[in-house]
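Here is a brief report on a protein model. Take a look at the chains before reading on.

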Protein chains: 2
Amino acid sequence: MDIAILGYGTVGVGTVNVVTRNREIIADDSGEVLRVKAILDLKDFPGDPYEEKIVHNFEDILNDPTIEVVAETMGGLHPAFEYISQLLEAGKSVVTSNKDLVAAYGEELLEIAAKHHVDFFYEASVGGGIPIMRMINECMIQERLQEIMAILNGTTNYILTEMEEEGTSFEEALEDAQEMGYAELHPESDVEGMDAARKLAILSTHSYSVDVDWEQIERRGITKITQEDMAVAKAIDHHIKLIARSRMNGSRLFAGVEPMLLPEEHKLAQVEGVYNSIMIKGNCLDDITVQGKGAGSLPTGSAVAADIVMAAINKKDGVTSTTYHEYKKIKPESYSSLGQSYMLRTDGKVPMPQEGIISAIQIENIYAYFTKQMKSQELRDLIQQLEIRGIQVLNCLAMEQEDTGANR
Amino acid sequence: MDIAILGYGTVGVGTVNVVTRNREIIADDSGEVLRVKAILDLKDFPGDPYEEKIVHNFEDILNDPTIEVVAETMGGLHPAFEYISQLLEAGKSVVTSNKDLVAAYGEELLEIAAKHHVDFFYEASVGGGIPIMRMINECMIQERLQEIMAILNGTTNYILTEMEEEGTSFEEALEDAQEMGYAELHPESDVEGMDAARKLAILSTHSYSVDVDWEQIERRGITKITQEDMAVAKAIDHHIKLIARSRMNGSRLFAGVEPMLLPEEHKLAQVEGVYNSIMIKGNCLDDITVQGKGAGSLPTGSAVAADIVMAAINKKDGVTSTTYHEYKKIKPESYSSLGQSYMLRTDGKVPMPQEGIISAIQIENIYAYFTKQMKSQELRDLIQQLEIRGIQVLNCLAMEQEDTGANR
């Protein structure tokens, strides 16, 4: 079967590598020999083993009737959306690693795919190499999914791990990550939590069968995390992680992305470097946690290749797995409206007792206070009371205390 | 669609509960409303909500043309094998949680299913609620799988966790586990590693496309683990876990089940209680680790229900996902022939230097020595040399030292 790739960047190259390297085993498993017939890119790649396959004109792929499955790995919203729409309408199945696109236009593209009886898959858009979309859609079809708690952004996880292990500042760790190629030159989408919010919206939409707009998910990034916060975390055997989570409570959805303090024994506390990890909870199955490489050319390319193979098998069998449901739009509420406990780091000693604060720790001139479970208004009141008493709150981090069934 | 259950024990009850509780969401996701039409059991269940569905005669299910999918949750080899064969031959799809059966007759049953164009699934036979079979067969179809390292037996993991956290002896922890219903009255299959070896054989067969006989897998159980071993583990920040692992090196398969010392930061070191965890490594994807409840009525019932739903969707679409391949039989070699390092606990102090030993630790009258990487003959020689010097080795545990990509 002939396939094509749109975009010969990191993920595109990884996809071609996986499909080539594992051609034989894919043929054994699926009954289909996959041939990369064309790769769309603006540039030429002289000397590249796939040099001959590079095309500069999208129509060469769109109008080639032998190409049955196309992988979009170019990124960005436009022209990716227009290209994919046309390919689906032309009866080709499309798979993508483009999370921005899926978060913005996923539902539209699913609708077009279902209408034209082709597949539209996007495994690689969330969790890199982790097969989380297929797990949700095929392995947990019998479950009422209720909760997601995840590390979905490898860049911020790498930065936080660096800060924790090397004692570097956020700025230094970010520079390191940029040098290593783990962070982009304009890292806002990662460090401000937008990337994690997009992925959380995609996961939540499919887990709970509701339409979640990523821009409505409350988020805080990691730019304000300091070595003082790391020192407090270490002193109480916790780790600071950028956590994306959502919970379906009846007809209410709670969702958020924020840096949190997780106790040592929490499953997500031990996830280091560029790994992603996703805990998902069903009403019968309880919790399942999957961990794997959240980025990288080969792991992400492998997830794209998985989609290509499944789409190819479906093409061969004359079936599709893609369905479109018009889900009800739901506005996510903030976790702070549910109530949680916090670590408040202050610029000075708070005279005790202070209502709402249940414990404290001082490390040299670092002062940290731990609150009882409280909702957002109570938290605002507490911070204001401290201000009245002459104490400024320098940073405020949510804490995970409940046992989410993590390690027991 | 009508379904039936064979065996109304722990897993059978769980399966009925999941199918009933999630009937609506299953119908939304799959387009099929599942009705439990008959439950085969020797006993009656007066007062049970499904009392009316209990039948005592297998033929009532076999000869009922409206029953299209049957779940076998009765356990044991016979008559489970004969029942399932007849059901498959009668054109019904069958799913099972019975690992003994799958380890012994899995290939035969797959062949019968493929011949009669029906499905034979066994997700629940490995890893309880963890969807590992579907992950291997559908989510990693693009990968050349190379390595498995896993905690596959919840009973022994519970016992080891108890011994570590409560300081109890193996015998006391086993009694506790029996009281809690986590261990059977005759626990040999669990504590001697047979259960883990069966599951490892099933996983390895499907991961590497070779025919692995579980009885040929070298195994050691946990009955000889003592509080002295736990004290050594604690002193060096390790945990003792019953590890099932296999590795495909070219055309050679290495496989084994044995208690091992894992460093704190190893992904499997933190898995506690009745959880199972499976790390699987592919040639492009790198490592993926899945953790979840390895036992229990609802988690295991949920895995059975997943299979029922997938078989029902296939029935509706007139397709099957079950294929049969006659895999080449392969004799697994022992990990000790690959070379690994060991902790030797002895009855007295070993005068240094001693060839092969690179470090030592003494805790009161507990003496432990750590070897360099060595193969089995070297290890035997070392133990013999110590005996000549008047030192008995009381226990010998393999250590995991390499970075398996666990947490980085």
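The report covers the model, its symmetry, the contact between chains, and the core.

## Basis

This is a predicted model: local features need pLDDT of at least 70, side-chain atom pairs count only at pLDDT 80 or more, and totals for chains, interfaces and linings use all residues. Residues are numbered from 1 along each chain as its sequence is written, with chains lettered from A and ligands numbered from 1 in the order in which they are written.

## Symmetry

A turn of 180 degrees and a shift of 0.0 Å along the axis lay chain A on chain B with an RMSD of 0.0 Å (least squares on C-alpha atoms of residues with pLDDT of at least 70 in both). That is the relation of a two-fold axis. A:Val290 has the chain A C-alpha nearest the axis, 2.2 Å from it.

## Interface

Chain A and chain B each give 44 residues to the contact (C-beta atoms, placed from the backbone, within 7 Å). Elements giving two or more residues on the chain A side include helix H1 (10-21), strand E13 (286-293) and helix H12 (297-317); helices and strands are DSSP runs of at least four and at least two residues, numbered from the N terminus. The copies meet through the same surface, since 100% of the interface residues of chain A are also interface residues in chain B.

E13(A) pairs with strand E12 (residues 286-293) of chain B, antiparallel, over five bridges (pairing needs at least two DSSP bridges). There, A:Gln291 has B:Thr289 as its bridge partner.

## Packing

A:Leu200 touches A:Leu152, A:Ile217, A:Ala244, A:Ser246, A:Ala255 and A:Val257, not counting residues up to four places away in sequence.

Note on methods
Contact = placed C-beta atoms within 7 Å.
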